[in-house]
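Me: I'd like to learn how to read a protein structure. Could we walk through one together with some questions and answers?

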Amino acid sequence: MSDSLIPDLTPRPEAPANGGDRSVYVETYGCQMNSYDSQVILDRLRAAGFRTVDDHLAADLVLLNTCSVRELAEHKVISRVGEIRHQRREAGVEPAVMGVVGCMAERMGKQLLKGRNRVDLVVGVDHYDDLASLVNDVMGPAHARSAMSVGHDQSVHYVAPPALYPTNNSHLVTIHKGCDYRCTYCIVPYTRGPQVEKHPDLILTEIQAILDAGGHEVTLLGQNVTAYRWQGGELDFAGLLRLVSPLPGLERIRFLTGHPHDMRPHLIDTIADLPNVCPWLHVPAQSGSDEILKRMKRRYRRDDYLAMVAHARRVMPDVSFNGDFIVGFPGETEADFEQTLELVREVRYDTIFAFKYSERPGAPAAELDDDVSTDDKKRRLAALLAVQEEIWAEVAAEVVGTEVMAVVEEPARRPAGHWRLRTANNRKIVVDLPDGAPGQQHRLTITGWQNTSFFGEVTRS
Ligand code: SAH
Ligand code: SF4
Ligand code: F3S
């Protein structure tokens with residue numbers, strides 16, 4: 001990587017107050033990369049004189065920050081464009097300037113400027129610094145019919161301002177963008193482009209700004225964070241954790257998403273060694289069958305995955321796991337699928353995200369015959385979720401009665417007066433705390449559980 005790719009480290013001026021005379025509403029779909037980018041988008045538009053609103057009816061500019069990972073996600077956005085137009089007509093509100101930004105902008109480009117649900121603006125993931133000027137093309141005196149800017153630019157890295165975050169508790173920090181792994185089902189390498197690391201100094205500066213603004217916790221973010229390699233390997237992800245961990249006041253570090261291939265003993269030992277790196281691993285397995293993993297080009301076998309889990313449990317007894325799975329990948333037999341169920345039983349995840357395979361034009365697996373029927377995909381998805389529910393009931397029951405440390409995050413939706421806390425290993429606990437405030441730490445006894453949350457009481461010492 002050449003020095004010309006080192007981003008500008010000059011701190012940006014604070015965004016002006018939220019008082020412009022034009023208004024913008026952003027709706028965010030997809031992963032946390034998009035949540036982070038939406039903060040960047042709002043920051044840039046506020047600097048250009050936009051006021052942010054949380055109802056599209058009150059906005060002059062409506063942006064949908066989109067995801068292409070499955071076909072259904074894309075369909076939803078296209079119909080949402082029509083729905084927003086319709087709701088505005090019904091409410092007697094002027095049509096808004098509408099834009100699609102994010103991964104669909106990259107994948108579909110010009111297509112989005114055509115058809116019944118066409119939009120006015122299409123802006124890809126590396127072009128948010130130009131967003132205000134593109135908006136001006138269609139909203140300003142020139143009144144262009146549309147504006148579009150897509151395509152990858154390796155020199156662009158964003159820093160979202162900490163002051164715009166919803167709570168001071170957990171702040172997203174992207175550490176790289178794109179992905180070079182090319183798992184055969186996945187569109188991300190094409191929508192987000194090749195993997196490009198953020199400069200470690202920029203990451204440190206960004207985290208320091210979060211700490212200065214009163215934050216204590218960060219989630220290091222990327223599609224494939226464990227593949228972080230600054231200057232081709234001089235600093236790997238374990239090295240980055242060692243660099244970030246000592247920052248004074250940084251109480252908790254999480255990261256998303258880890259790849260099982262890179263979750264080597266040396267990285268797991270580093271996570272275990274650093275007291276403020278949380279013992280919580282989101283490590284998508286995708287399948288439990290070696291044959292399917294090979295066709296997905298996942299770079300690990302079932303046994304490697306299980307060895308990784310066993311090693312993590314050995315060095316971090318309280319570690320918890322999240323996983324992603326795809327059912328119905330081309331050629332997946334009942335026997336392959338059984339292996340996935342077995343893996344889920346063996347790992348004992350806290351949570352899994354499971355998806356029916358969705359063919360993505362442009363991804364390598366689109367060349368394969370999508371031969372598992374929709375009914376079989378549905379049935380397998382339901383069976384997988386049922387096994388997970390069974391396993392989680394066992395795991396959760398074992399947690400009841402234990403004592404844990406947890407941090408207050410936000411008021412629970414109900415009952416009144418209760419707060420939602422989180423443990424280092426990412427378990428949510430609802431507790432009655434008359435004087436609760438975000439950031440407080442409490443020792444709790446777990447008294448019960450429901451769905452994915454626990455209930456607890458402050459332990460009397
Ligand atoms: N970078 C992460 C996740 C990327 S997308 C990783 O390496 O695992 C988030 C999840 O969406 C994936 O883990 C996968 O389970 C799912 N997914 C990705 N492409 C998909 C497709 N074509 N069909 C169904 N699910 C898919
Ligand atoms: Fe997609 Fe694989 Fe990259 Fe994850 S590692 S973003 S699944 S190509
Ligand atoms: Fe979706 Fe793009 Fe994230 S495709 S999962 S929003 S990187």
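Reply: Happy to help; here are some notes on the numbering, followed by your questions. This is a predicted model, in which local features need pLDDT of at least 70, side-chain atom pairs count only at pLDDT 80 or more, and totals for chains, interfaces and linings use all residues. Residues are numbered from 1 along each chain as its sequence is written, while chains are lettered from A and ligands numbered from 1 in the order in which they are written.

Me: Which domains does the domain assignment of the protein give?
Reply: Domain bounds here come from an automatic or database domain assignment. That assignment gives domain 1 (12-149), domain 2 (162-398) and domain 3 (403-458).

Me: How far apart do the C-alpha centres of domain 1 and domain 3 lie?
Reply: Domain 1 covers 12-149 and domain 3 covers 403-458. The distance between their C-alpha centres is 36 Å.

Me: From which domains does the shell around ligand 3 draw at least three residues each?
Reply: A residue counts as near a molecule if its C-beta atom, placed from the backbone, lies within 6 Å of it. By this rule 14 residues surround ligand 3, with G30, C31, C67, V69 and C103 the closest. Two elements, α1 (32-47) and α5 (188-191), give two or more residues to this shell; helices (H or I, at least four residues) and strands (E, at least two) are DSSP runs, numbered from the N terminus. The domains that each supply at least three residues are domain 1 (12-149) and domain 2 (162-398).

Me: How many residues of the shell around ligand 1 are charged?
Reply: There are 17 residues around ligand 1, and Q223, P284, D324, F355 and S358 come nearest. For sorting them, Ala, Val, Leu, Ile, Met, Phe, Trp, Tyr, Cys and Pro count as nonpolar, Asp, Glu, Lys and Arg as charged, and the others, Gly among them, as polar. The shell has 8 nonpolar and 6 polar residues, and the charged ones number 3.

Me: What is the handedness of the crossing of α6 and α7?
Reply: The axes of α6 (residues 200-212) and α7 (residues 237-244) come within 11 Å and cross at roughly 40 degrees; axes are lines fitted to C-alpha atoms, for helices over the stretch in contact, and angles run from 0 to 180 degrees between N-to-C directions. A crossing is left-handed if the near helix is turned anticlockwise from the far one by less than a right angle, and right-handed if clockwise. The crossing of these two helices is right-handed.

Me: Which residues of α7 make the contact with α6?
Reply: Two residues are in contact if their C-beta atoms, placed from the backbone, lie within 7 Å. The residues of this contact divide into 7 nonpolar, no polar and no charged. On the α6 side they are P200, I203, L204 and I207, and on the α7 side L240, L243 and V244.

Me: Which strands are at the edges of the sheet β7-β10-β13?
Reply: Two strands pair if DSSP finds at least two bridges between them. This open sheet of 3 strands has parallel pairing, and 4 bridges join β7 to β10 (residues 217-221). The strands that pair on one side only are β7 (171-174) and β13 (252-256).

Me: Which residue of β15 is the bridge partner of W280?
Reply: Another open sheet has the order β14-β15-β16, with parallel pairing. Within it, β14 and β15 (residues 320-327) share 3 bridges. The partner of W280 in β15 is S320.
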